[in-house]
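Biologist: Got a minute to go through a chain pair with me? I'd like to talk about how the two sides meet.

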Number of protein chains: 2
Amino acid sequence: LVEAAAGGDRAAIGRLISLVERGGETARQVGRLTFPNSGGAYTVGITGPPGAGKSTLTDRLITEARRDGHLIGVLAIDPTSPYTGGAILGDRVRMQGHALDEGVFIRSMATRGHLGGLALAAPEAIRVLASAGIGLVLLETVGVGQVEVEVAGAADTTVVVVNPGWGDAVQANKAGLLEIADIFVINKADRPGAAETRRDLDNMLDMSMTMGAWRPPVVATVASTGDGIAELWAAIGRHREHLEGSGELEARRQRRLGDELSEVLVRRLEARVHELDDGKAYQQVREGVVDRSIDPYSASDELLGRLGL
Amino acid sequence: LVEAAAGGDRAAIGRLISLVERGGETARQVGRLTFPNSGGAYTVGITGPPGAGKSTLTDRLITEARRDGHLIGVLAIDPTSPYTGGAILGDRVRMQGHALDEGVFIRSMATRGHLGGLALAAPEAIRVLASAGIGLVLLETVGVGQVEVEVAGAADTTVVVVNPGWGDAVQANKAGLLEIADIFVINKADRPGAAETRRDLDNMLDMSMTMGAWRPPVVATVASTGDGIAELWAAIGRHREHLEGSGELEARRQRRLGDELSEVLVRRLEARVHELDDGKAYQQVREGVVDRSIDPYSASDELLGRLGL
């Protein structure tokens, strides 16, 4: 499958991502095989509150990026969706204009039921796409839950989309989006309040103490008409140049790989503990702690002892 | 020491908290010994941006609570401080009025250099205080970093302090304080803008989708004069009654204990991996992943294999 995907076989790419979603040893096997040829994709995260127009914006960005000749992968991240396996979501319909374009691979991801979940599956799905020769991956999130923010924020360039209106900028703030934004988009900028939202965002950026050398630009767009999309695409290009020129791209990617190793390790160690005695050991010890009949330290001694550690 | 602390020996309490701060096997030993008699303390977290007046407010709350006859412990949580062991911080000077009161135990906590850090040390320090017969513990944070929000948010009642002014309410939002607040305080409410800040907070509470049955009241105070402190103390009492009456207090505490077990376990498993071959094994494998010469899955296989798992 990995060989077929490397040759551009779309069905193979889709099946590999399904395997990654499902987790477990097969997913790890895919991870081992795709890793060596997976350094080539630039990733752009697109996040923001529901209804901000992220799908339409992503659709327009695809058109813009295809003009530059990029092969494109789109992963729509939706941890709350009951559908997996590339099921057609309502939102995805807006990208149907690209359905016949062989240079665009669009896929929804919703991973449940295994430890680590999307935080581990998304980087792996990106590697599947990269190993298939895709040079640009757009990670679009459906909402702004913790996992979605984490996944979108781990992109090379993160675009945060809000709409005109005071509450929206505040909501963006509340969800921790200010920290992860490399570029802000005020979409539906033809509606009243766009200037105030720009001012609010500028104020928040001024107040932010965690700012580095890059100050996120604020781009106004109307995704439904295409207004501002070229400017957004140019801003993404400038951020990419900034990361590459400063050496920060490689530093960010190395940091993410190190974090991924820690996460993989911790999840697997946790799984080993939970699997002990078919899960009965952990359940029993946890109940003891919650009942206050055993303290958390003695409880973890007991579980570690059973693992021979 | 645990016996002496249970008898009310303040020096013993202080030394136990120092041991807890330091982490490691001794800290776990303290944890095992204090756990059985530690169910009796009600905890109130006090958090908000630097300069909001949290120390002065805490000082006033001590006076109010002492009037009701409570024995009180105060833990000032400062993950960034280089001082530990109950060193006198500038802020603490404001609580000096209680220095001679045998019924009040005040202590700064700043834990560095061991895995888990304050997120594990704070609940343990609370148990030290509880096992010494202290019925009310105030957890005051110095800033609003992730750890501080986590620690303050794990209290039975969490008080979020802001000041008049638009930016402050937004900052509170940004730091994730809206989610953890059981009570909002607008301190320095004699300054201009208090009414607007109240309106902003009410708007944010209206927008919040994660609200439960309890809607956080907004209390206006002027800590420097004592205005509003009785109202705040009454609001804390009402929240406590709400938690106790609804059974949520016990549910929250059980959830926290279960989370603590997971955290203790994961940290200890991580430590075991990091300790392998004096830390060289982990370092070497991590460098391999960051260099892209080995994938995270094969790397974690290797480390788990060395542990015999």
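Biologist: How many residue pairs are in polar contact across the interface of chain A and chain B?

Modeller: The rule finds 10 such pairs, both residues at pLDDT 80 or more; a polar contact is a pair of N or O atoms within 3.5 Å, one able to donate a hydrogen and the other to accept it, and residues adjacent in sequence count only if both atoms are side-chain atoms. This is a predicted model, where local features need pLDDT of at least 70, side-chain atom pairs need 80 or more, and totals for chains, interfaces and linings use all residues. Residues are numbered from 1 along each chain as written, chains are lettered from A and ligands numbered from 1 in written order, and side-chain values use heavy atoms, without hydrogens and water.

Biologist: And which element of chain A gives the most to the side that touches chain B?

Modeller: α11(A), with 17 residues; helices here are DSSP runs (H or I, at least four residues), numbered from the N terminus.

Biologist: What about salt bridges, how many across the interface?

Modeller: Six, counting a side-chain nitrogen of Lys or Arg within 4 Å of a carboxyl oxygen of Asp or Glu. One pairs R32(B) with D301(A), at 2.7 Å from N to O.

Biologist: Changing topic: how much area is buried between chain A and chain B?

Modeller: About 5,400 Å², with 67% from carbon and sulfur atoms. That's the accessible area (1.4 Å probe) that the two parts lose on being put together, summed over both.

Biologist: How many residues does each chain put into the contact?

Modeller: Chain A gives 55 and chain B gives 55, with contact meaning heavy atoms within 4.5 Å.

Technical notes
Helix = DSSP H or I, 4+ residues; strand = E, 2+ residues; numbered from the N terminus.
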